[in-house]
Amino acid sequence: MKDKTSQITEGVLIPPLFAVLSIWLIYWIEVRFGLNFNDLGVNPRTFGGLKGVLFSPFVHSSIEHLYNNTIPLAVLTLFLFLFYRKVAFKILLIGVLGSGFLTWCIGRPSFHIGASGLIYVLASFIFFKGIFTRHYRLVALSLIVVFIYGSMIWYIFPVKDGISWEGHLSGFIVGLVLAIFLKVEMPVDKKYEWEKEGFEADDDPFLKHFDEHGNFIENPDMSNSGDEDFQVNYHFRSNKDKGTSS
């Protein structure tokens, strides 16, 4: 059976596309109709602010805020569905609810909006899960995430005004917890015929050209025929018999 792990299909491309289109659509509605959805963000430790646990990832304060979240959201969601397809929706759901609720618990009294909390969930999960599994493909993916988005780690601390570091920290923690406790299916490595159990070299047309010592056999069928009368004749001429050619 052909392994479909780590293959780009419609099921891998549609979720990142939907995520990006949804946040842009919400922002377009705000601009087009003069609305402000900031009150749909997480408002910590208030009953009404709990609705932001679900809705805050779709709301952004400016076009710059939206743009800064678009590419990381698309790339990390693509990575998630490409390498962790069977648990991807579970990670998204738990990531949104978990990071939102934790932000509600620890955040400053303000409306916390934007998809950055979810982005930190994805970056944290993909990095730590790859390291924990020790599978070479997933470790390589972890290194790619660090190379591209490693600088995001600074924003889980209060280093800049106007940024919800509490949302970033919440996403980072939730991603780490998911990486520790959520079991995933390891990628299936393709096995070549010569790697399979019970494989005999005589079954492979190419390997038949090599003997047990690794020497090349030009005609393996003839060498294995057992014909004792088989001879190889060599013809040569002395230097004085050689002519010249032009």
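A residue lines a pocket when it has an atom within 4 Å of a point of that pocket, and helices here are DSSP runs of at least four residues, numbered from the N terminus. The model on screen is a predicted one.

**Stop 1: the largest pocket**

Start with helix H3, residues 63-83. H3 gives the most to the lining of the largest pocket, with five residues. H5 also supplies at least two residues of that lining. The pocket has a volume of about 740 Å³. Now select His 65, Asn 69, Ser 116, Ile 163 and His 168, which are the closest to its centre among the 24 lining residues. Coloured by class, the lining shows twelve polar, nine nonpolar and three charged residues.

**Stop 2: Ser 116**

Stay in the largest pocket and centre the view on Ser 116, which belongs to helix H5. Is Ser 116 buried or exposed? Its relative accessibility is 13%, so Ser 116 counts as buried, the cut-off being under 20%. Leaving aside residues up to four places away in sequence, Ser 116 touches Asn 69 and His 168. Draw a distance between the side chains of Ser 116 and His 168: they make a polar contact at 3.2 Å.

**Stop 3: helix H7**

From His 168, extend the selection to residues 165-181, which form helix H7. Its 17 residues should span 24 Å at 1.5 Å a residue, and because the end C-alpha atoms are 24 Å apart, the model agrees with that expectation. His 168 is one of the buried residues of H7. The others are Glu 166, Gly 167, Ser 170, Gly 171, Val 174, Gly 175, Leu 178 and Ala 179. To see part of what covers these buried residues, show helix H4 (88-106) and helix H5 (116-133).

**Stop 4: back along helix H3**

Return to H3 and look at the whole helix. H3 has 21 residues and reaches 30 Å from its first C-alpha to its last, close to the 30 Å expected. Asn 69, already met beside Ser 116, is among the buried residues of H3. Also buried in H3 are Leu 66, Thr 70, Pro 72, Leu 73, Leu 76, Thr 77, Phe 79, Leu 80, Phe 81, Leu 82 and Phe 83. Which helices do the buried residues of H3 pack against? Show H1, H4, H5 and H6 to see them.

**Stop 5: the second largest pocket**

Next, select helix H1, residues 10-33. H1 provides five residues, the largest share of the lining of the second largest pocket. H3 and H4 each supply at least two residues there. This pocket has a volume of about 400 Å³. Of its 16 lining residues, Ala 19, Phe 58, Leu 92, Val 96 and Leu 118 lie nearest the centre. By class, 14 of the lining residues are nonpolar and two are polar, with no charged residues.

**Stop 6: two arginines in loops**

Finish with the backbone of two loop residues. Arg 45 sits in the loop between H1 and helix H2 (52-55). Its phi is near 60°, a positive value in a residue other than glycine. Arg 45 counts as partly exposed because its relative accessibility is 47%.

Then move to Arg 134, in the loop between H5 and helix H6 (136-149). Arg 134 is not a glycine, yet has a positive phi of about 65°. With a relative accessibility of 73%, Arg 134 counts as exposed.

Methods
Residues are numbered from 1 along each chain as its sequence is written. This is a predicted model: local features need pLDDT of at least 70, side-chain atom pairs count only at pLDDT 80 or more; totals for chains, interfaces and linings use all residues. Side-chain values use heavy atoms; hydrogens and water are left out. The expected span of a helix is 1.5 Å times one less than its number of residues. Buried means under 20% relative accessible area, exposed over 50%, partly exposed in between (1.4 Å probe, protein chains only). Contact means heavy atoms within 4.5 Å. A polar contact is a pair of N or O atoms within 3.5 Å; within protein, one must be able to donate a hydrogen and the other to accept it, and residues adjacent in sequence count only if both atoms are side-chain atoms. On a 1 Å grid over the protein atoms alone, a cavity is a set of points where a 1.4 Å probe fits but cannot get out, and a pocket is an open set with protein on both sides within 12 Å along at least five of seven lines; lining residues have an atom within 4 Å of a point. Grid points are joined across faces, edges and corners, and a volume is the space filled by probe spheres set on the points. Ala, Val, Leu, Ile, Met, Phe, Trp, Tyr, Cys and Pro count as nonpolar, Asp, Glu, Lys and Arg as charged, and the others, Gly among them, as polar.
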